[in-house]
Each structure stands twice: as C-alpha cells, then as structure tokens.
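Me: I am new to reading structures and would like to look closely at one part of a protein. Could you take me through it slowly and explain each term as it comes up?

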Amino acid sequence: MSHGPHCLDGVTSAVAVARFHAGLEVVAHFANNPEINETIRAVPPPPAGKTQEVWITDISWNQPETDAHLRALAAAGTGVVWIDHHRTAIERLKRGAIDVPLAAMVVEDTYAASRLVFDHLKSRLVSAQRTPSGRDEHAADFLALEKLVALADDNDRWIHALPGSRELALTVGAMHGETAYRELLGVDAAVSYTPAMREASDRVTAEVAATHALAEKTRRERRVGEVTVLAAWCVGYPSEIGDAWGKATPNAVVALYDTKSAGVSFRRSPACQVDLSRVAETFGGGGHAAAAGCKIPGMGARDADALAALVADAVAAVAPA
C-alpha cells in the first residue's frame, strides 16, 4: 500500500517493493490520506499455512481501529513493514501513537519515501549477500531502479537539481488509474519513457494551462498576521500553481481544492514558516512542512471564499505567535 496512484514518490516506492520481490505474488494498492485507513483494514489475513507481508510506504494511518487490524494481521502471520517520511508520521511516532508490532520500520525525513524504501531493500541485498550477477537477475533488475529513485527523491523534496525530475512527476500525475505504476514497473535503468508515458507527457502542457486559468479565475485572499492565505480551485497540478504563486507572493500559504481528486493541497512560499503538515492535520490530513494535503467534506459544493476562511483559521491556530 502506497501513496498514489498519481504521486511519483509513492508509485516509485511501490515499484521498488515489487521489483525486489519479483517472482512472488505482489499486489499493489494505492490510496491518499483519507482512504488509507479503509485500504489497510480491507487486507485479509494470510490463507491457512501461508505467510504474507504488508508494506505501507509513503503514507500512514491515523485511526486506532487500523492499529487493531494490523495487530490482528501480525498475530495471524503477517509481517507489517512501514516506511514513511512525512512530518505527521514522524510526530505521531514520537507521541507513541502507533501500537503495531512492526517487522521493519523506517520513519524519518532524511530522504523521500522512495529512497528510504530503496535503501532499506538494498541493505537487505547486502545482508543476504545477493549481488547483481547472472545468477541473481532479480537483484540486478531491482538495482536498475537507482535513477528512478533519485528522480523521485529530487522532485518530492523540491530540490529539482536533476534534469527531468519535475517533468516525470507531472507525467505520472497525468496518467490514468494505476497506469504509471504498471509502466514504471518495467522501466529501464535510464528511465526511458514508454509510449503511454510520452502520451501523458504531451497532455501535461495543455492541462497545466487549464488549471492555472481556473485557479486565477477563482483566486481569493485572506490575511493572517503577516501571512497571506491564497485559496482557489484547480483541475490537478496543485504543485505547479503553488510554486508559481509562492514565488510571486512572499510569506504565503496556498490552499487549492482539486476538482479531480476532491482533495485540498497546501503549498507555501519559500520563506514562509507555517508548518503545512499541522494545517492539514487540522482537517484530518497530513504531509510535510512545505507541502501537505487533506479532504474537507462538502468543500466541492462551496467556493474559494469558504476555503480561504477555513484555512486562515487553521493557519492562525498553528502559526507561531
């Protein structure tokens, strides 16, 4: 289970798990924060006489009923592995809010989840003395993901030092359903675009223009002390809008209701110090200090004025005095 299916970091995490376990039955499930609890609780125990592993990557759960289900799975022979890098996950772990016997866990913000997953699995290869030789083709296929992982990490942490990382993220975001996962599952070491990826990339330019137009038309502003809250509607690509508006408006928090996902994405200007993970947590979501998200019930039937008001109140509650 991973964040997605339109998140490059979450999809790459899932691809790394699947490529490492090539030859075994691997079933990928993708969810955003509001769906993850139900997605996890839908996992059945292993069949009699068999074992299974549940990998939860680039996302975390936040309900005690989900803890209880994971404990039951573990008791029935399921190994639960959790790898995440979001601020909300780190803080919940520090508070002792996770009550699950984990087979393995990496929860830190040193790198994006995809790199944490890749490095964790690569260390398993080393400890098992598996090498990318002709005798271990699966190991070679797994290690060939290094460039994909580097691109996902570069984009997700907003470094954008590697050519093509942002474009790849936009391409993944433009692909339908789990197509990106299926295409990247067989990607080569150079991360060459498949025909399906090229088609999605070609659509991105027009779609980004359309979402910018809707955002500009619906844009509303609120002031919270020295912080400017910008709210609007968009049709996907909230990071592109957040990046442009954040650069143009100092000390801004950008809240965008995405009509495609029915979710709200938060971004901030480079110098803004508001912790967006805490803003999102106010609405039951989560994420990073500089980028987070949530779902607000009924928001699609309201407007950007209402969103601006709600977010302004949340910012006032979490912003440092």
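What follows is one question about a single helix and a longer reply.

Me: Which buried residues does helix 7 have, and which helices do they pack against?

Reply: Happy to help! Please keep in mind that this is a predicted model, in which local features need pLDDT of at least 70 and side-chain atom pairs count only at pLDDT 80 or more, while totals for chains, interfaces and linings use all residues. Residues are numbered from 1 along each chain as its sequence is written, and side-chain values use heavy atoms, with hydrogens and water left out.

Let's start with the whole chain. It has 13 helices and eleven strands; these are DSSP runs numbered from the N terminus, with helices being H or I of at least four residues and strands being E of at least two. The C-alpha atoms fill a box of roughly 60 × 45 × 30 Å along the principal axes. Of the 321 residues, 51% count as buried, where buried means under 20% relative accessible area, exposed means over 50% and partly exposed lies in between, using a 1.4 Å probe and protein chains only.

Now to your helix. Helix 7 covers residues 146–156, and it is mostly covered, with eight of its eleven residues buried. Those buried residues are Leu148, Val149, Leu151, Ala152, Asp153, Asp154, Asn155 and Asp156. They pack against helix 1 (8–20), helix 5, helix 8 and helix 9 (179–185).

Two of these neighbours deserve a closer look. Two packed helices are described by the angle between their axes and the distance between the axes. Here the axes are lines fitted to C-alpha atoms, for helices over the stretch in contact, and the angles run from 0 to 180 degrees between N-to-C directions.

Take helix 8 (residues 165–174) to begin with: its axis and that of helix 7 come within 8 Å and cross at roughly 90°. The two helices are therefore roughly perpendicular (angles of 65 to 115 degrees get that name, while those under 35 are roughly parallel, those over 145 roughly antiparallel and the rest oblique). On the helix 7 side, the contact (heavy atoms within 4.5 Å) involves Leu148, Leu151, Asp154 and Asn155; helix 8 contributes Ser165, Arg166, Leu168 and Ala169. By class, the residues of this contact are four nonpolar, two polar and two charged. For these classes, Ala, Val, Leu, Ile, Met, Phe, Trp, Tyr, Cys and Pro count as nonpolar, Asp, Glu, Lys and Arg as charged, and the others, Gly among them, as polar.

Next comes helix 5 (residues 113–127), which packs with helix 7 at an angle of about 145°, the axes being 8 Å apart. Ser114, Arg115 and Phe118 of helix 5 meet Glu146, Val149, Ala152 and Asp153 of helix 7. Three nonpolar, one polar and three charged residues make up this contact.

Here is a handy rule for reading those residue lists. An α-helix has 3.6 residues a turn, so residues three or four places apart point the same way. With that in mind, find Leu148 and Leu151 in the contact with helix 8, then Val149 and Ala152 in the contact with helix 5.

Finally, follow the chain out of the helix. Just after helix 7, tryptophan 158 takes a positive phi of about 55°.
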